[in-house]
Amino acid sequence: MVESKKMLAYEESRLKRLEENKKRMEELNLTKLAQAVRNATSPKPSPMKKVKQRVRQEVDLSTVRRSNRVADKPPPNYREVPVEPMGRPRSYQRRDLLNRVYAADEDRRYAIERAEQLESELGADFPSFVKPMLQSHVTGGFWLGLPNHFCKTHLPKRDEYITLIDENGDKSETKYLALKSGLSGGWRGFAIDHELVDGDALVFQLIAPTKFKVYIIRVNQAED
């Protein structure tokens, strides 16, 4: 009985506080303020933005950043200028590595025989040797290896410039590499200038410590 009275008294007290709080909120206008805050914070649907389409305009680039020196001249038309190929044009079509021409074995042997005959006619006053030409000597790498025994006996022990003198007396400077026993820089120019091809045979005659007299026997040339 006592517990029931306490519960009833507590409920009456709670309802009374609720009524008092409601009257205070109405007096302070808090209900309307709370509703206004909820309306302000609620997300609003945003209308879809219209994207402007850009109109592409043709720009005359020839008038941009032109120098005063050429301002009075007609603008160049770059679309009509042909594209230059890269690289240096070759002097001889025969030097194209894809179109190499190899000498026949019979012609090669005949050129070597003629070169050896010429060497024998030069005499023994100056040391000499015969060097048949291969593709690696006249195309591509342009490296000319010399006989090892000749280099060890007659040529300098260190790198040196060696002059090649052809039958007309024209001189060509080449770089001799002692460790590799061959001619490097300058030999390419000599081979191209004298149009050497695979199968030619050359006679090298050492007329001075760093000078060679060079006789060329053409593989496709009749014997004189």
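Which residue lies over the face of Tyr-161? Lys-175 does, at 5.3 Å from the ring centre, and the legends below return to this spot after an overview.

**Figure 1. The whole chain combines six helices and seven strands.** This is a predicted model, in which local features need pLDDT of at least 70 and side-chain atom pairs count only at pLDDT 80 or more, while totals for chains, interfaces and linings use all residues. Residues are numbered from 1 along each chain as its sequence is written, and side-chain values use heavy atoms, with hydrogens and water left out. Helices (H or I, at least four residues) and strands (E, at least two) are DSSP runs, numbered from the N terminus. Follow the chain and you will meet the order α-α-α-β-α-β-α-β-β-β-α-β-β. Of the 224 residues, 26% are buried (under 20% relative accessible area, with a 1.4 Å probe and protein chains only). The protein exposes about 18000 Å², and carbon and sulfur atoms supply 53% of that area (Shrake-Rupley method, 1.4 Å probe). Contacts (heavy atoms within 4.5 Å) between residues at least 6 apart in sequence join residues at least 24 apart in 57% of cases.

**Figure 2. Phe-129 meets Phe-150 edge-to-face.** Six aromatic pairs turn up in a search of the whole structure. Rings of Phe, Tyr and Trp (its six-membered ring) pair if their centres lie within 6.5 Å; planes over 60 degrees apart count as edge-to-face. Here the centres are 4.7 Å apart and the planes stand at 65°, so the pair is edge-to-face. Because Phe-129 belongs to strand S1 (residues 128-132) and Phe-150 to helix H5 (residues 148-154), the pair ties together parts that are 21 residues apart in sequence. Both Phe-129 and Phe-150 are buried.

**Figure 3. Phe-129 also pairs with Phe-212.** With ring centres 5.9 Å apart and planes at 85°, this pair is edge-to-face. It links distant parts of the chain, from Phe-129 in strand S1 to Phe-212 in strand S7 (residues 211-217), 83 residues apart. Phe-129 has 6% relative accessibility and so counts as buried; Phe-212, at 0%, counts as buried. Look for Phe-204 here too: Phe-129, Phe-150, Phe-204 and Phe-212 form one aromatic cluster.

**Figure 4. Lys-175 and Arg-188 each lie over the face of a ring.** A charge sits over a ring if NZ of Lys or CZ of Arg is within 6 Å of the ring centre and within 35 degrees of the ring normal. Lys-175 is placed over Tyr-161, at 5.3 Å from the ring centre. Arg-188 lies over the face of Phe-142, at 5.2 Å from the ring centre.

Terms used
Buried < 20%, exposed > 50% of the residue type's maximum accessible area, 1.4 Å probe, protein only. Phe/Tyr/Trp six-rings, centres within 6.5 Å; stacked < 30°, edge-to-face > 60°.
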